[in-house]
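Got your viewer open? Let's walk through this model stop by stop, picking a new selection each time.

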Amino acid sequence: MSHTIAEIAEALGATALGDLDLEITGAAEPADAGPGDLALAMKPEYAAGLGQGHACAAMLWEGADWQDLGLQAAIIPARPRFAMAGLTAALDRGHGYTTGIHPTAIIGEGAELGEHVSVGAYAVIGAGARIGAGSVIGPQAYVGIDSQIGAATVLHVGVRIGPRVRIGARFIAHPGAAIGMDGFSFVTPEVNAVEQARASLGEEVDAAAQSWVRIHSLGAVEIGDDVEIGCNACVDAGTIRPTRIGNGTKIDNLCHIAHNVVVGNDCLFAALVGIAGSTVIGSNVTLGGQVGVTDNTHVGDRVVAGGGTKILNKVPAGRIVLGYPAIKMDQHLDIYKAQRRLPRMMQELAELKTRLAALEAKG
Amino acid sequence: MSHTIAEIAEALGATALGDLDLEITGAAEPADAGPGDLALAMKPEYAAGLGQGHACAAMLWEGADWQDLGLQAAIIPARPRFAMAGLTAALDRGHGYTTGIHPTAIIGEGAELGEHVSVGAYAVIGAGARIGAGSVIGPQAYVGIDSQIGAATVLHVGVRIGPRVRIGARFIAHPGAAIGMDGFSFVTPEVNAVEQARASLGEEVDAAAQSWVRIHSLGAVEIGDDVEIGCNACVDAGTIRPTRIGNGTKIDNLCHIAHNVVVGNDCLFAALVGIAGSTVIGSNVTLGGQVGVTDNTHVGDRVVAGGGTKILNKVPAGRIVLGYPAIKMDQHLDIYKAQRRLPRMMQELAELKTRLAALEAKG
Amino acid sequence: MSHTIAEIAEALGATALGDLDLEITGAAEPADAGPGDLALAMKPEYAAGLGQGHACAAMLWEGADWQDLGLQAAIIPARPRFAMAGLTAALDRGHGYTTGIHPTAIIGEGAELGEHVSVGAYAVIGAGARIGAGSVIGPQAYVGIDSQIGAATVLHVGVRIGPRVRIGARFIAHPGAAIGMDGFSFVTPEVNAVEQARASLGEEVDAAAQSWVRIHSLGAVEIGDDVEIGCNACVDAGTIRPTRIGNGTKIDNLCHIAHNVVVGNDCLFAALVGIAGSTVIGSNVTLGGQVGVTDNTHVGDRVVAGGGTKILNKVPAGRIVLGYPAIKMDQHLDIYKAQRRLPRMMQELAELKTRLAALEAKG
């Protein structure tokens, strides 16, 4: 796979300089670059690396002097980070899944595959499932009965889709992702300790020990277009209605989206995020790694939560939060600074007490 | 699958009103309900939704006037949340796994399958394994050598059971769950930095860098009856004796139960919980999402830990805890309230100091 | 599998006492031990258990009187915890994978398997992959195209290796581990709310809602020798250069190592650890369970982080940290003690204010 400097610049909407016909076969950090690589040096501090590597062409920061850097060609993008999207898409060599229906693939009765669908070795597609045109079902993947998956989807190796799931177009799921499996919902015959604890806000409870009875998941999962779900991440089925994920939302490895959760459009959840049952997350919400959101709450549009934040209450739209429990990030930083002085404050308080007592005694 | 109002009410031990022969084929939220659905409107605030939907029958709160709500029939349960268990079980259409032993299933030498066991496509059952009557081994699942699994179990697609595991009856494991795999246990030839840090409670340590040597897991896993384990959750094998999970315990997606841990009966662990090695958890313990419990500690019976709690020390029976580190929930809420005033307290303290100095100077 | 007391002691470099020809077939806790087991009683407090069990031989603490304890033989190791490594390795009965290439294994075009490589049922090895001599590829495992795996490796059941990954010798990966899959990297066409929030440290942001565009992962993963990766753990591919893991590093279940991360040698990461993109971790770093490390930061050699720690900033070499955000462990313990007195401090401060005001009024 090779592209000329002119082709790449055009695809990125970037400025091309120098030898526009130079062929590029890969991308590399400046110091690691070989003669066929486009070196990525989008900030002046990467200039030194160009001298150590062997790149003939580079993607450079605005205003860089490509000739002075010893290059034959250069590409100058308007927004370098965004240019990475186009560049890496062009150079991606992919996972190399074989095309067509592998002879070992098992396609259930009544399942319908669109045009140019590939199904890998040892994949299993349940009865009544429908797969949109141009989709790739990886080796050892599984699609549950009566599920529907949109066009141009990629289910990587070992992805598992449960029964009756509805997914839009251009879906990407990474190895081990489990979507539409039974929710974690249990109830005791009588009121139990957890229900008492929630009602009493933490006083001791006296509920007798009981066994848990399962609430089954009838609601499956509904996912919009252009969604991506990471390795070993889980989206559980809803109890009565579907668990829902909007268009354009991206969910990283090892995340957990519980039953009945509703997630809006264009959210970004980093790895190990957990959203508890029946919570509603707005659109354009960004959650850092290991963020947790309690059940039955609401997180507004455009909220940003820093890594490790535990959201225990409703968060209004547009707020930036951090901490456990989550509060506004600037307030958190103030509290945090004060906390570090807390041991000294304790000493000062004791000292003031002594001095005040002395004054009072005198007085 | 259809049930009459009378049948459902009888199964739930609930009161049935109106047309007892009305046929129900599904359940739905009030506004989404079609004519064949039982609308779920167990609180007065859901009454409005009934008008928007097309349900002829509903499950209602005690005292509701079903005729006034325009229904032909109603079911009034004593404990609505508990009624959900029976109702959803009756209406669950399941995962649709094929019955019988699929021709591609591989059954190891000496493995014994009870009556009416199903084994899915591309499942592998190790030599000497024993599967109890009526169990369903899903497609692409794996059962290790010499493992024993009780009757009426469901291993969903892609579940992995390690070697020599013992599991009771009515076990349910969700896709990707890994049970009985090697524990994470390593040792250095000489005393290392972590051992020093634990002994010194955090002072700098000077142990030389060393490589880790593996301690193998000889102890497998023992699980009681009626246990459920979530998607991609892990229960590691013990070192010398089994890691143990009691009867009736339910463990959600992406949880980690380390080697040598002992968990009692009827516990409930939400998603992303981690229990470190050799810790003992009592019975009827409820851990919220992302709770962590340190190694070699003890959590008493009936403890409830809120989401995100990190338990770093022993917790006595019956306590409700929250926070990092875990403390009593009511105490945590007091500290938390005080923390939010901490920046102001710092200012006040500085002001008092100035005023006191002024008085002293005068004095 | 049976070993004499003399053989075991020699393998461990330990002292053997009594009947050196006694045959041992397993290891057990003292009270559970049968006559063929070596009881593990390496501290005096385990002596009582020996009386309850039926062991004829035990591994004992230094100075123990084996004859007085009613034993026929004993082994006294210099460092008992380290002796566990050798002992458990000797007694490990393994996972019982069948040897040779299973007839259902699919080996891609141009893939090369070294001598004595085993490939399990329904495993798939991609085109151009190379597997070192003596390796075991478990049932249902997957190796991506053009990946290279060193000698004497074990990929347990259902492990997934992505395309173009490079792994050293003696690698062990547990079920469901996903290595070399696409990183989680997205960008918006214009500057977005998260970029603004980082720049403003938490003030409200006004960036318009945008959709995410994917940055592809061209960089794969490079892993050294003697690395072990737990069940359902993930190591994502780098963007331009590989994500790297050094020699001897051990990573537990359900950990997430993001794209571009560099991990040094001989690190130990407990379960549910998350390392965000482009962060560099030194050598001999120990991270407790559920530790999180933010993106683009640096954690120095020999750092130890307690369970649940969230590292939001650079940590210098040798430091022991705890808390959210991570600070020095001893400082954390001081702050934590002060925090518990915080509600009382608030009362005291209010009281001092009143008394001071009274004095001032008098003055």
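What follows is a tour of a predicted model, going from whole chains down to single residues.

**Stop 1: the chains**

Start by colouring by chain. Take chain C and superpose it on chain A: a rotation of 120° with 0.0 Å of shift along its axis does the job, at an RMSD of 0.0 Å. That is how a three-fold axis relates its copies. Now try chain A on chain B; here too the rotation is 120° with 0.0 Å of shift along the axis, and the RMSD is 0.1 Å.

**Stop 2: where chain C meets chain A**

Keep chains A and C on screen and hide the rest. The contact draws 84 residues from chain A and 82 residues from chain C. Together the two chains bury about 6,700 Å², with 63% of it on carbon and sulfur atoms. Which residues of chain C lose the most area to chain A? Select Phe184(C), Trp212(C) and Tyr324(C): together they account for 11% of what that side buries. Hold on to Tyr324(C), as it comes up again at the last stop.

**Stop 3: the two domains of chain A**

Show chain A alone. Colour residues 3–91 as domain 1 and 336–362 as domain 2. How far apart are the C-alpha centres of these two domains? They lie 61 Å apart.

**Stop 4: parallel strands in chain A**

Zoom in on residues 26–28 of chain A, which form strand β4, and bring up β5(A) with it; the two pair in the parallel sense over three bridges. Gly26(A) is the residue that stands opposite Asp37(A) in β5(A).

Now show the side chains of β5(A). Five of its five residues are buried. Look at both faces: Asp37(A), Ala39(A) and Ala41(A) are on one side, Leu38(A) and Leu40(A) on the other. This back-and-forth is the usual pattern, as side chains in a regular strand alternate between the two faces of the sheet.

Next, add residues 57–60 of chain A, strand β6. β5 (residues 37–41) and β6(A) are parallel as well, with four bridges between them. To find one of the matched positions, select Ala39(A), whose bridge partner in β6(A) is Ala58(A). Bring in helix α2 (residues 47–52) of chain A, and you have a right-handed β-α-β unit made by β5(A), the helix and β6(A).

Are the residues of β6(A) buried or exposed? Ala57(A) and Met59(A) on one face and Ala58(A) and Leu60(A) on the other are all buried. Then carry on to strand β7 (residues 73–76) of chain A, which runs parallel to β6(A) and is joined to it by three bridges. Ala57(A) stands opposite Ala73(A) in β7(A).

**Stop 5: a ten-strand sheet in chain B**

Switch to chain B. Select the strands in the order β8-β11-β14-β17-β20-β25-β28-β31-β34-β37: they make an open sheet of 10 strands with parallel pairing. The edges are β8 (106–107) and β37 (310–311), each of which pairs on one side only. For a closer look inside the sheet, pick β25 (residues 234–236) and β28 (residues 256–257) of chain B, joined by two bridges. Val235(B) has Ile257(B) as its bridge partner.

**Stop 6: Gln140(C) and its neighbours**

Go to the loop between β13 (136–137) and β14 (142–143) of chain C and select Gln140(C). With a relative accessible area of 6%, Gln140(C) is buried. Which residues does Gln140(C) touch? Among them are Gln140(A) and Gln140(B), along with Tyr122(B), Tyr142(B), Tyr122(C) and Val157(C).

**Stop 7: some backbone oddities**

Most residues other than glycine have a negative phi, and most peptide bonds are trans. Here are some exceptions to click on.

- Tyr122(C) has a positive phi of about 65°. It sits in the loop between β10 (118–119) and β11 (124–125) of chain C, and Tyr122(C) is buried at 6% relative accessibility.
- Ala220(C) has a positive phi too, about 55°. Look for Ala220(C) in the loop between β22 (213–214) and β23 (221–223) of chain C; at 10% relative accessibility, Ala220(C) is buried.
- Tyr324(C) and Pro325(C) are joined by a cis peptide bond, omega near 0°. Pro325(C) is in the loop between β38 (320–322) and β39 (327–328) of chain C.
- Tyr324(B) and Pro325(B) are joined by a cis peptide bond, with omega about 0°.

Technical notes: Residues are numbered from 1 along each chain as its sequence is written. Chains are lettered from A and ligands numbered from 1 in the order in which they are written. This is a predicted model: local features need pLDDT of at least 70, side-chain atom pairs count only at pLDDT 80 or more; totals for chains, interfaces and linings use all residues. Side-chain values use heavy atoms; hydrogens and water are left out. Copies are superposed by least squares on the C-alpha atoms of residues with pLDDT of at least 70 in both. Domain bounds come from an automatic or database domain assignment. Buried means under 20% relative accessible area, exposed over 50%, partly exposed in between (1.4 Å probe, protein chains only). Two strands pair if DSSP finds at least two bridges between them. A crossover is right-handed if, with the strands pointing away from the viewer, the path from the first strand over the helix to the second runs clockwise. Contact means heavy atoms within 4.5 Å. Buried area is the accessible area (1.4 Å probe) that two parts lose on being put together, summed over both. Lists of a residue's contacts leave out its neighbours within four places in sequence.
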